[in-house]
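Trainee: Could you walk me through this one, question by question?
Mentor: Sure, let's pull it up and start.

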Amino acid sequence: MSGEIASDRGRSVFVSAPDGLRLHVREYGSRAAAALAVVCLPGLTRTAADFDDLAPALAQDGARRVLAIDSRGRGQSQYDPNAQNYNLLVELGDLVAVLTALSVGPSVFIGSSRGGLLTMQLGVAHPTAIAGVVLHD
């Protein structure tokens, strides 16, 4: 984790991907919240901003931690000049890096389109990371 920028609509947190790329995560609620965390994964050409209305509602005034992740090259995440790195396997590595860096335990995942594909891959590679899933296309 390299830094945070505070906002009344969550905090921007930046995490390094396995290859050093800077990834953006919008974090809502408290890291110490007892409720299951929610991780929001947007579609192919979409961003964490897609969850700007949903995430604060799910965070319930800090009672639940909610993360909305910008995939590499999207939103506030760093662009990767290597086009070969825009694939689900690399993005799965990015997702695992974010979950690890931010100490996220088993969570409910909301995957929209490509985010749903990524959630299903996570379920195969790291089944204990997932407490529940909402797939949206």
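Trainee: Is tyrosine 86 buried, exposed or partly exposed?
Mentor: First, a word on the ground rules: this is a predicted model, where local features need pLDDT of at least 70, side-chain atom pairs count only at pLDDT 80 or more, and totals for chains, interfaces and linings use all residues. Residues are numbered from 1 along each chain as its sequence is written, and side-chain values use heavy atoms, with hydrogens and water left out. Buried means under 20% relative accessible area, exposed over 50%, and partly exposed in between (1.4 Å probe, protein chains only). Tyrosine 86 has 26% relative accessibility, so the label is partly exposed.

Trainee: Which residue forms an aromatic pair with tyrosine 86?
Mentor: Rings of Phe, Tyr and Trp (its six-membered ring) pair if their centres lie within 6.5 Å; planes under 30 degrees apart are stacked, over 60 edge-to-face, the rest tilted. That rule gives a count of one aromatic pair. It is tilted, with 6.3 Å centre to centre and 35° between the planes, and the partner is tyrosine 79.

Trainee: And is tyrosine 79 buried or exposed?
Mentor: Its relative accessibility is 56%, so tyrosine 79 counts as exposed.
That label rests on the cut-off of over 50%, which makes the answer for tyrosine 79 exposed.

Trainee: Which residue forms a salt bridge with arginine 72?
Mentor: A salt bridge here is a side-chain nitrogen of Lys or Arg within 4 Å of a carboxyl oxygen of Asp or Glu, and the structure holds nine. Arginine 72 is buried because its relative accessibility is 1%, and its partner is buried because the value there is 5%. The closest N and O atoms are 2.4 Å apart, and the partner is aspartate 80.

Trainee: How many residues apart are glutamate 27 and arginine 65?
Mentor: These two form a salt bridge, with the closest N and O atoms 2.7 Å apart, and both are buried. Helices (H or I, at least four residues) and strands (E, at least two) are DSSP runs, numbered from the N terminus. Glutamate 27 is in strand E3 and arginine 65 in the loop between H1 and E5, so the pair links distant parts of the chain, at a separation of 38 residues.

Trainee: Aspartate 70 is buried yet has no salt bridge, so what is the nearest side chain of opposite charge?
Mentor: Aspartate 70 lies in the loop between E5 and H2. One of its side-chain polar atoms is 2.7 Å from the backbone nitrogen of alanine 48. For charge, Lys and Arg count as positive and Asp and Glu as negative, with His and the chain ends not counted. The nearest opposite charge is 7.8 Å away, on arginine 26.

Trainee: Which element gives the most to the largest nonpolar core?
Mentor: A nonpolar core is a set of buried Ala, Val, Leu, Ile, Met, Phe, Trp, Tyr and Cys residues joined through side-chain atoms within 4.5 Å. The largest has 20 residues, and Val39, Leu95 and Leu102 have the most contacts inside it. E2, E3, E4, E5, H2 and H3 each supply at least two residues of this core. With four residues, the element that gives the most is H2.

Trainee: H2 also holds aspartate 94; is that residue buried or exposed?
Mentor: Contact means heavy atoms within 4.5 Å, and aspartate 94 touches Ala17, Pro18, Leu23 and Arg72, not counting residues up to four places away in sequence. Its relative accessible area is 5%, so aspartate 94 is buried.

Key. A polar contact is a pair of N or O atoms within 3.5 Å; within protein, one must be able to donate a hydrogen and the other to accept it, and residues adjacent in sequence count only if both atoms are side-chain atoms.
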